[in-house]
Structure formats: structure tokens, C-alpha cells
Amino acid sequence: MLHWIWVLIVGGVIGLIAGALTGHGRSMNWIANILAGLIGSSLGQALLGAWGPQVAGMAIVPSILGAVILVIIVAFVVSKFRTV
């Protein structure tokens with residue numbers, strides 16, 4: 001049980017960092033930060049591998065890079081739908 005709480009906390013922090021790096025952090029709530037962190041972590045580790053320091057089973061550097069990629073893609077898609 002405690003592991004899953006850590007996973008959610010680390011996922012939220014990773015999503016928060018990704019939002020801050022891309023400039024889209026203000027438009028994301030805490031649920032979106034957690035989802036971006038968890039999905040971005042999976043994406044980053046699938047693309048880049050699990051190297052570097054790990055917290056709660058997530059490699060930090062690939063997870064942040066994956067979350068940044070995810071936030072950029074989602075922001076691009078959302079901006080296209082808002083202009084239509």
C-alpha cells in the first residue's frame with residue numbers, strides 16, 4: 001500500500017516538473033500532473049530505458065523526459081481542438 005502512495009507522489013512531482021519545463025504547468029491540476037508523470041514515466045522508460053537514479057521504481061531522468069514529451073504532445077493536440 002505504501003508503495004502505491006509513493007508512486008502517486010513521485011508521479012505527481014514528475015508531472016509538475018514536466019509542466020514547469022514546458023510552460024504548461026499552470027493549466028494542469030494535480031490529477032493531470034499525476035497522470036502526466038505516470039504515463040510519461042512509462043513512455044520515457046520504454047523509449048530510453050531505466051537508467052539513472054530510481055525512486056518508487058521510476059527512473060527519474062527518462063521519466064521526466066517522457067513526461068515532457070507527453071505534455072508537449074497533449075498541449076499541441078488540445079490547442080488544435082480549441083482553435084476549431
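How do the residues of the lining of the largest pocket divide into nonpolar, polar and charged? In this predicted model, the lining divides into ten nonpolar residues, three polar ones and one charged one. Let us start at that pocket and then walk through the residues around it.

**The largest pocket**

The largest pocket holds about 370 Å³ of space. Its lining counts 14 residues, and those nearest the centre are Met28, Val71, Val74, Ala75 and Val78. Two elements give two or more residues to this lining, namely α2 (30–48) and α3. Of the elements, α3 gives the most, with seven residues.

**The nonpolar core**

Two of the names just met, Met28 and Val71, turn up again in the largest nonpolar core. This core has twelve residues in all: Val7, Val10, Ile14, Ala18, Met28, Ala36, Met58, Ile64, Ala67, Val68, Leu70 and Val71. Helices α1 and α3 (60–83) are the elements that give two or more residues to the core, and α3 provides the largest share, with five residues.

Val71 is a good place to pause, since this residue belongs to the core and also lies among the residues nearest the centre of the pocket. Once neighbours within four places in sequence are left aside, Val71 is in contact with Ala18, Thr22, His24, Met28 and Ala36.

**Ala18 and Thr22 on helix α1**

Ala18, a core member, sits in helix α1. Is Ala18 buried or exposed? Ala18 counts as buried, because its relative accessibility is 0%. Beyond residues up to four places away in sequence, Ala18 touches Ala67, Val68 and Val71. Ile31 follows Ala18 by 13 residues along the chain, and the C-alpha atoms of the two are separated by 14 Å.

Thr22 is also placed in helix α1, which covers residues 2–22. Its side chain has polar partners in the backbone: a polar atom of the Thr22 side chain lies 3.0 Å from the backbone oxygen of Ala18, and the side chain reaches the backbone oxygen of Gly19 at 3.3 Å. Leaving aside neighbours within four places in sequence, Thr22 is in contact with Val68, Val71 and Ile72. Val68 and Val71 are both members of the core described above.

**Ser63 on helix α3**

Helix α3 also holds Ser63. This serine is buried, because its relative accessible area is 0%. The side chain of Ser63 is joined to that of Ser41 by a polar contact of 2.9 Å. Not counting residues up to four places away in sequence, Ser63 touches Ile14, Gly40, Ser41, Gln45 and Met58. Ile14 and Met58 in that set are core residues.

Here are the polar contacts of Thr22 and Ser63 side by side:

| Side chain | Partner | Distance |
|---|---|---|
| Thr22 | Ala18 backbone oxygen | 3.0 Å |
| Thr22 | Gly19 backbone oxygen | 3.3 Å |
| Ser63 | Ser41 side chain | 2.9 Å |

**A turn of the backbone at Ala56**

One last stop is a loop. Where does Ala56 lie? Ala56 is found in the loop between β1 (54–55) and β2 (58–59). Its phi is near 55 degrees, a positive value in a residue other than glycine. Most residues other than glycine have a negative phi. Ala56 counts as partly exposed, because its relative accessibility is 23%, whereas Ala18 is buried at 0%.

Definitions and conventions: Residues numbered from 1 in each chain as written. Predicted model: local features only at pLDDT ≥ 70, side-chain atom pairs only at ≥ 80, totals over all residues. Heavy atoms only, no water. Helix = DSSP H or I, 4+ residues; strand = E, 2+ residues; numbered from the N terminus. Polar contact = N/O pair within 3.5 Å; in protein donor to acceptor, adjacent residues only side chain to side chain. Contact = heavy atoms within 4.5 Å. Core = buried A, V, L, I, M, F, W, Y, C linked by side-chain atoms within 4.5 Å. Buried < 20%, exposed > 50% of the residue type's maximum accessible area, 1.4 Å probe, protein only. 1 Å grid on protein atoms, 1.4 Å probe; cavity = no way out; pocket = protein on both sides within 12 Å on 5 of 7 lines; lining within 4 Å. Points joined across faces, edges and corners; volume = space filled by probe spheres on them. Nonpolar A, V, L, I, M, F, W, Y, C, P; charged D, E, K, R; others polar.
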